[in-house]
Amino acid sequence: MKQGRIFQDDHFEFSEFNGLLLEKLVVCEDPDTYDIILVHIKVENQNWHRFFIDMGFGFWDNWGEQEIEYEETCNYVEYTEKFDLTSKIIDKIECKTIENNCQIVISFLDGENLILRAKDFKSSDSESELVMG
């Protein structure tokens, strides 16, 4: 699988995780505002990947990390149990344009979605939030 930046766009589909079990989801939050800065995802038989939204674009990276490289400027929060993601199988992952921003949606086979989205779709410089939908 390609390493480094895989996508930097307002619309893409990442299909390499389709049909794979999500093992862990760890979020890097701003310690003051609790806004989402980065989301780290681990699926079966894969390295850690990370994704985020910035300036109206979605980003998806594979840096070949065996473990998360923790930054002192973030709070790291385990979301796997918080969102009851244990044993979820990924159906598809896509980034979609919405107004002046975008969202990254991880759809699961059970019909649930994990969504990283802008808090304000009208602003390309909006902070991000992570929700189930």
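Strands here are DSSP runs of E, at least two residues long, numbered from the N terminus. With that settled, open the model, which is a predicted one, and start at a loop.

**Stop 1: two loops with positive phi**

Select Ser87, which lies in the loop between β7 (75–78) and β8. Its phi is near 70°, a positive value in a residue other than glycine. Most residues other than glycine have a negative phi. Ser87 is exposed, with a relative accessible area of 57%.

Next, pick Met55, in the loop between β5 and β6 (57–65). Here too phi is positive, about 55°, and again the residue is not a glycine. Is Met55 buried, exposed or partly exposed? Partly exposed, at a relative accessible area of 45%.

**Stop 2: strand β3 and its partners**

Now show β3 on its own, then bring back the rest. Six of its eight residues are buried, so β3 is largely enclosed by the rest of the structure.

Add β4, which runs antiparallel to β3 and is joined to it by seven bridges. To see one of the bridge partners, select Leu25 and look across to Ile41 in β4. The hairpin of β3 and β4 has six residues between the strands, and in this hairpin Tyr34 takes a positive phi near 65°.

Then add β7. Its pairing with β3 is antiparallel as well, over four bridges. Val27 is a handy place to look, as it stands opposite Val77 in β7.

**Stop 3: the cysteines**

Stay on β3 and select Cys28. Which residue is joined to Cys28 by a disulfide? It's Cys74, with the sulfurs 2.0 Å apart. Cys28 sits in strand β3 and Cys74 in the loop between β6 and β7, so the pair ties together parts that are 46 residues apart in sequence. Both Cys28 and Cys74 are buried. Searching the whole structure turns up one disulfide.

What about Cys95 and Cys102? Select both and draw the distance between the sulfurs. The sulfur of Cys102 is the closest cysteine sulfur to that of Cys95, but at 3.7 Å the two are too far apart for a bond. A disulfide would need the sulfurs within 2.5 Å. Cys102, then, is in no disulfide. Cys95 is buried, with a relative accessible area of 0%, and Cys102 also counts as buried, at 0% relative accessibility.

**Stop 4: the nonpolar cores**

Switch on side chains for the interior. In soluble globular proteins, nonpolar side chains tend to be buried together. The largest nonpolar core in this model has 28 residues. Select Phe17, Ile41, Trp60, Ile104 and Leu130, the residues with the most contacts inside that core. Several strands supply at least two residues each to this core: β2 (12–14), β3 (22–29), β4 (36–43), β5 (48–54), β8 (90–98), β9 (101–108) and β10 (113–118). Another core, of five residues, lies apart from it, and among its members are Cys28, Phe52, Phe59 and Cys74. Two of those names are familiar from the previous stop, where Cys28 and Cys74 formed the disulfide.

**Stop 5: aromatic rings**

Keep Phe17 and Trp60 selected and hide the rest. How many aromatic pairs does the structure hold? Nine. Phe17 and Trp60 form one of them, edge-to-face, 6.1 Å centre to centre with 70° between the planes. This pair links distant parts of the chain: Phe17 is in the loop between β2 and β3, Trp60 is in strand β6, and they are 43 residues apart. Phe17 is buried, at a relative accessible area of 0%, and Trp60 is buried too, also at 0%.

Now widen the selection to Phe7, Phe12, Phe14 and Phe51. Together with Phe17 and Trp60 they make up a cluster linked by ring pairs.

**Last stop: a buried asparagine**

From Trp60, move along β6 to Asn62, which is in this strand as well. Is Asn62 buried or exposed? Buried, at 3% relative accessibility. What lies 2.9 Å from a polar atom of the side chain of Asn62? That would be the backbone nitrogen of Gly64.

To finish, show what surrounds Asn62. Leaving aside neighbours within four places in sequence, Asn62 is in contact with Met1, Lys2, Gln3, Gly4, Ile6, Asn47, Trp48 and His49.

Notes
Residues numbered from 1 in each chain as written. Predicted model: local features only at pLDDT ≥ 70, side-chain atom pairs only at ≥ 80, totals over all residues. Heavy atoms only, no water. Core = buried A, V, L, I, M, F, W, Y, C linked by side-chain atoms within 4.5 Å. Buried < 20%, exposed > 50% of the residue type's maximum accessible area, 1.4 Å probe, protein only. Polar contact = N/O pair within 3.5 Å; in protein donor to acceptor, adjacent residues only side chain to side chain. Contact = heavy atoms within 4.5 Å. Pairing = 2+ DSSP bridges. Phe/Tyr/Trp six-rings, centres within 6.5 Å; stacked < 30°, edge-to-face > 60°.
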